[in-house]
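Visitor: Hi, I have a protein open on my screen and would like some help reading it. Could we go through it together, one part at a time?

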Amino acid sequence: MTASGYAAHLAQLNVATLRFPLDDPRMTPFVDMLDTVNAAADDAPGFVWRLVEQGAADATALRPAGEDVIVNLTVWETQEALWDFTYRSEHLDVMRRRREWFQRHAEAHLVLWWIPAGHLPTTGEALARLADLRAHGPSARAFTFASSYSAAEADLRPGPVTGVRTAPAGRG
C-alpha cells in the first residue's frame with residue numbers, strides 16, 4: 001500500500017461474469033493482459049491497493065461472488081485517479097473487449113465508496129456495498145462514476161452496510 005496524505009480514499013469493486021472458464025483458449029487474450037494491466041494499476045498515480053490472492057499476482061482465483069464471477073477490488077487516493085487509470089491507460093483495451101470475455105450485466109456491476117485512509121476493504125464489505133447500490137440506487141454509501149458523492153458526504157466509519165439509507169445534506 002502506498003503512503004498518502006488524503007484522509008479518505010476511494011474503494012472500488014467491479015464484478016464480471018465469465019463467458020468461459022479462465023483456462024478456455026477464448027479467454028487467453030484477457031489472461032495475457034492481466035499482468036500488464038495490474039502493473040499499470042500498481043504504478044498509476046493515486047493507486048493505493050488492490051486485492052490479490054495470497055501467493056498470486058491477481059485475484060482471479062478468488063470467487064466470493066460465485067464460481068463464474070471474478071472480482072476486482074482496489075483503493076485509490078481520489079476518484080480522478082481511478083477514472084484516469086480506468087479510461088486513460090492500458091485498462092481501456094480490456095474495457096473495449098470486455099464483451100468477448102464477460103456477460104452483460106443486467107444490474108450494477110461496479111460500486112464506489114469512500115473509506116478512511118489506511119482501511120483496506122474486505123470482499124464481504126465490497127459485496128455489501130454493491131448489494132446496497134443494487135437495492136437502493138446511488139447514495140453516499142455506494143455510488144458510481146455517473147452518480148458520485150464526495151468524501152465529505154460519506155459516512156467513513158468502516159463496517160458492514162446496514163441497508164439503512166440517510167440522505168446527505170443537500171441531496172434530499
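Guide: Let us begin with one strand pairing: the bridge partner that Ala8 has in β4 is Pro116. Please keep in mind as we go that this is a predicted model.

Visitor: OK, and which residue in β4 is the bridge partner of His9?

Guide: His9 is partnered with Ile115 in β4. These pairs belong to a longer match, since β1 and β4 run antiparallel and are joined by seven bridges.

Visitor: What about β1 and β3, how many bridges do they pair over?

Guide: β1 and β3 pair over eight bridges, and the sense is again antiparallel. As one example to look for on your screen, Asn14 stands opposite Asn72, which is in β3.

Visitor: How many residues of β1 are buried?

Guide: In β1, nine of the 10 residues are buried, which leaves the strand mostly covered. β4 is mostly covered as well, with five of its seven residues buried.

Visitor: Let me step back a bit. How many helices and strands does the protein have?

Guide: The protein has four helices and four strands, and if you follow the chain from the N terminus, the elements come in the order β-α-β-β-α-α-β-α. Of the 172 residues in the protein, 42% are buried.

Visitor: And what share of the contacts join residues at least 24 apart?

Guide: If you take the contacts between residues at least 6 apart in sequence, 72% of them join residues at least 24 apart.

Visitor: Can you show me one residue with contacts like that?

Guide: Ala40, which sits in helix α1, is a useful one to look at. Leaving aside neighbours within four places in sequence, Ala40 is in contact with Phe85 and Glu90. Ala40 and Phe85 are 45 residues apart in sequence, while their C-alpha atoms are 8.0 Å apart in space.

Visitor: Is Ala40 buried or exposed?

Guide: Ala40 has a relative accessibility of 15%, and because the cut-off for buried is under 20%, Ala40 counts as buried.

Visitor: New topic, the rings. How many aromatic pairs are there?

Guide: The count comes to nine aromatic pairs. In one of them, Phe30 and Phe102 have ring centres 5.1 Å apart and planes at 90°, so this pair is edge-to-face.

Visitor: Which parts of the protein does that pair tie together?

Guide: Phe30 is in helix α1 and Phe102 is in the loop between α3 and β4, so the pair ties together parts that are 72 residues apart in sequence. Phe30 is buried at 6% relative accessibility, and Phe102 is buried too, at 7%.

Visitor: Do you have another pair I could set beside that one?

Guide: You could look at Trp83 and Tyr87, whose ring centres are 4.3 Å apart and whose planes are at 45°, so that pair is tilted. Both residues lie in helix α2, four residues apart, which is about one turn of the helix. Trp83 is partly exposed, with a relative accessible area of 35%, and Tyr87 is also partly exposed, at 31%.

Visitor: Which residues form an aromatic cluster with Phe30?

Guide: Phe30 forms one aromatic cluster with Trp101 and Phe102.

Visitor: Now for the empty space. How much of it lies in the largest pocket?

Guide: About 840 Å³ of space lies in the largest pocket. There are 37 residues lining this pocket, and those closest to its centre are Asn14, Asn72, His91, Val94 and Met95. The elements that give two or more residues to the lining are β1, α1, β3, α2 and α3.

Visitor: How many of the lining residues are nonpolar, and how many are polar or charged?

Guide: The lining of the largest pocket has 21 nonpolar residues, 11 polar ones and five charged ones.

Visitor: One last thing: which residues is Gln79 in contact with?

Guide: Gln79, whose place is in helix α2, is in contact with Leu10, Trp114, Phe143, Phe145, Ser148 and Tyr149, if we leave aside its neighbours within four places in sequence. At 14% relative accessibility, Gln79 counts as buried.

Notes:
Residues are numbered from 1 along each chain as its sequence is written. This is a predicted model: local features need pLDDT of at least 70, side-chain atom pairs count only at pLDDT 80 or more; totals for chains, interfaces and linings use all residues. Side-chain values use heavy atoms; hydrogens and water are left out. On a 1 Å grid over the protein atoms alone, a cavity is a set of points where a 1.4 Å probe fits but cannot get out, and a pocket is an open set with protein on both sides within 12 Å along at least five of seven lines; lining residues have an atom within 4 Å of a point. Grid points are joined across faces, edges and corners, and a volume is the space filled by probe spheres set on the points. Ala, Val, Leu, Ile, Met, Phe, Trp, Tyr, Cys and Pro count as nonpolar, Asp, Glu, Lys and Arg as charged, and the others, Gly among them, as polar. Rings of Phe, Tyr and Trp (its six-membered ring) pair if their centres lie within 6.5 Å; planes under 30 degrees apart count as stacked, over 60 as edge-to-face and the rest as tilted. Buried means under 20% relative accessible area, exposed over 50%, partly exposed in between (1.4 Å probe, protein chains only). Two strands pair if DSSP finds at least two bridges between them. Contact means heavy atoms within 4.5 Å.
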